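Thank you for asking me to look over this model. My comments follow as numbered points, to be read alongside the sequence and coordinates.

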Amino acid sequence: MIKTKTYLYNTLTKKVEEFIPNEEGRVAMYTCGPTVYHFAHIGNLRSYIMEDVLEKYLRFDGYDVKRVMNITDVGHLSSDGDTGEDKMLAGAKREHKTVMDIARFYTDAFMEDCRKLSIKIPDVVEPATNCIPEFIHMIEVLLEKGYAYTAGENVYFDTSKLNHYYVLSAQNEEELQVGVRDDVEEDSNKKNKTDFVLWFTKSKFENQELKWDSPWGTGYPGWHIECSCISMKHLGEYMDIHCGGVDNIFPHHTNEIAQSEAYTGHKWCNYWFHVNHLNTKNGKMSKSKGEFLTVSLLEEKGYDPMVYRMFCLLSHYRKPLEFTWEGLDNVVAVYESLMKKIGNLSEDGSVEEDAVAAYEMKFAEALANDINISSAITVLYDMLKDAISDASKRRLVERFDEVLSLGLTKAFEKREEKEVDAALAAYVEKMISERKAAKKEKNFARADEIRDELAAKGIELKDTREGTIWNINCSNGGRS
Ligand code: AMP
Ligand code: ZN
């Protein structure tokens, strides 16, 4: 059952509106995946963290979500406007490897980053190179319907055939310079500046490593077509929500809408969810600038990836977020004190089902307001302060962490470990004093028996001038 009405900012309508999926209780969700030519930077990962919270919130609220993500392993050029070098090829050259080796390596690295940041892997993850027949089919239909043309042996989408091309953004001609570098000449095959490549055959990118046969000659797909095809392959022709970073709004998502709706002849996706950028003081964190931070680098510097996740959760997804080391250090303190609070919860009392349901509702309502995670975290703090039983609090921490995924329940384990350690220490100390008493009574047989009994449990005793000390012998399966 759906707990509460959800309101989301929709880039398409430029307002916060009620989220109503096509099919009651079910959500078809799509995320633009990484271009696997390099490590994901923590800016890219900000987008994936926020999308992860969106998905987990929808599930928490009672929706049955199917989420699909592509892996871009071909066709993404250094400028999103189809100019420059293919990013995958550039990555392969940089590392003297093949494009497929690069793709495999950085896809695995991305998955590992997701694991470290507790980002759930979408239900379907599909690399673009798996779907060449689907791309060719969509392009054939676009040509048949008159929405595409061939020029210079490439296939282009004709944006002049649409009444409304800029459905997502209020772009104008000058703003179209986004991503176009001065040193890159314009593609003279294009009839209109905003037209984009669906299929490359003969072009200045002839050195492309991966090529496939097509009705237009051997070549490779453009970047935008992959998300339209991969989403339709797994979610059908109607989608509820499409996600990405704000830099995807134009041209990538604008082009996705153009070709998908030209292909299907109807509206494609109802809600567009865009995450604002992670910036450094020099502007957007980006790989092309060469200076970017990765999760591994944060770890090398001693930061728990959960702290970076919390750093992201504390800011609203629609606001730009500036990364600073001081900012991250502040979050370390916040995270540690939260974990301590949770670690202090005992297992006393029984779960008060009504109180749990009321807090779950408050938590859902906070997130229902355009994914307001900081208010949801306030609900968590209020709950921890409340006079409900510790057992109820533990249950709620578990439930909230299904969405926040901050590893909060690890604080329980730490407490349990501490409790086990304390119980073990008490037992060993008791045995040591029994042994001491046995020795005093010259009952050496009993004293040896105690030593053997402990040794069998992996606990070694050492008699010193200061008294008997003990340690746990790891080779014997004990803990030290
Ligand atoms: P890419 O691997 O370049 O295709 O980007 C993967 C995702 O990261 C896309 O959704 C981008 O919009 C997003 N992205 C890129 N740079 C940033 C940034 N600095 N902050 C947040 N998201 C970003
Ligand atoms: Zn995409």
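1. In which helix does Arg394 lie? The model is a predicted one, and in it Arg394 belongs to helix α12, which spans residues 390–404. With a relative accessibility of 9%, Arg394 counts as buried, because the limit for that class is under 20% relative accessible area. Arg394 and Thr409 are separated by 15 residues in sequence, and their C-alpha atoms lie 8.2 Å apart in space.

2. As for the chain as a whole, its secondary structure amounts to 14 helices and 18 strands. The C-alpha atoms, taken along the principal axes, fill a box of roughly 105 × 55 × 40 Å. Of the 480 residues in the chain, 54% are buried.

3. The placement of ligand 1 deserves a careful look, and I would begin with its surroundings. Ligand 1 sits in the largest pocket, and the elements that contribute two or more residues to the shell around it are α1 (42–60) and β12 (239–245). The most is given by α1, with four residues. There are 19 residues around the ligand, and those that come nearest are Thr35, Gly43, Ser47, Asp247 and Leu278. By class, the shell consists of four nonpolar, 12 polar and three charged residues.

4. Which atoms of the protein lie opposite the polar atoms of ligand 1? A side-chain N or O atom of Asn44 is 3.0 Å from an oxygen atom of the ligand, while a polar side-chain atom of Ser47 lies 2.8 Å from a ligand nitrogen. From Gly245 the partner is a backbone N or O atom, at 3.1 Å from an oxygen atom of ligand 1. On its own, ligand 1 has 490 Å² of accessible area, and the protein covers 94% of that area.

5. Strand β12, already mentioned for its part in the shell around ligand 1, also holds His242. This histidine is at 0% relative accessibility and therefore counts as buried. Its side chain makes a polar contact with the side chain of Glu256, at 2.6 Å, and I would ask that this pair be shown in any figure of the strand.

6. Is helix α8 (residues 305–313) enclosed by the rest of the structure or open? Nine of its nine residues are buried, so the helix is largely enclosed by the rest of the structure. The buried residues include Arg309, alongside others such as Pro305, Met306, Tyr308, Phe311 and Leu313. At the start of α8, a side-chain oxygen of Asp304 comes to within 2.9 Å of the backbone nitrogen of Met306.

7. Another buried position that I looked at is Ile373, which lies in helix α11 (residues 373–385). The relative accessibility of Ile373 is 2%, and it is therefore classed as buried. Although Ile373 and Tyr317 are 56 residues apart along the chain, their C-alpha atoms are separated by 8.9 Å.

8. The backbone geometry calls for comment at a few places. Most residues other than glycine have a negative phi, and most peptide bonds are trans. The peptide bond from Phe250 to Pro251, however, is cis, with omega near 0°, and Pro251 is found in helix α6 (residues 249–264).

9. Which residues that are not glycine have a positive phi? Lys14 has a positive phi of about 60°, and this residue is found in the loop between β1 (7–10) and β2 (15–18). Its relative accessibility of 43% is the reason that Lys14 counts as partly exposed. His96 likewise has a positive phi, here of about 50°, and is found in the loop between α2 (87–95) and α3 (99–116). With a relative accessible area of 74%, His96 is exposed, because that class begins over 50%.

10. To draw the points on the ligand together, ligand 1 sits in the largest pocket, and 94% of its own accessible area is covered by the protein. Side-chain atoms of Asn44 and Ser47 lie opposite its polar atoms, as does a backbone atom of Gly245.

Technical notes
Residues are numbered from 1 along each chain as its sequence is written. Chains are lettered from A and ligands numbered from 1 in the order in which they are written. This is a predicted model: local features need pLDDT of at least 70, side-chain atom pairs count only at pLDDT 80 or more; totals for chains, interfaces and linings use all residues. Side-chain values use heavy atoms; hydrogens and water are left out. A residue is near a molecule or strand if one of its heavy atoms lies within 4 Å of it. A polar contact is a pair of N or O atoms within 3.5 Å; within protein, one must be able to donate a hydrogen and the other to accept it, and residues adjacent in sequence count only if both atoms are side-chain atoms. Accessible areas come from the Shrake-Rupley method with a 1.4 Å probe; for residues, only the protein chains shown count as cover. On a 1 Å grid over the protein atoms alone, a cavity is a set of points where a 1.4 Å probe fits but cannot get out, and a pocket is an open set with protein on both sides within 12 Å along at least five of seven lines; lining residues have an atom within 4 Å of a point. A molecule sits in a cavity or pocket if more than half of its atoms lie within 2 Å of its grid points. Ala, Val, Leu, Ile, Met, Phe, Trp, Tyr, Cys and Pro count as nonpolar, Asp, Glu, Lys and Arg as charged, and the others, Gly among them, as polar. Buried means under 20% relative accessible area, exposed over 50%, partly exposed in between (1.4 Å probe, protein chains only).
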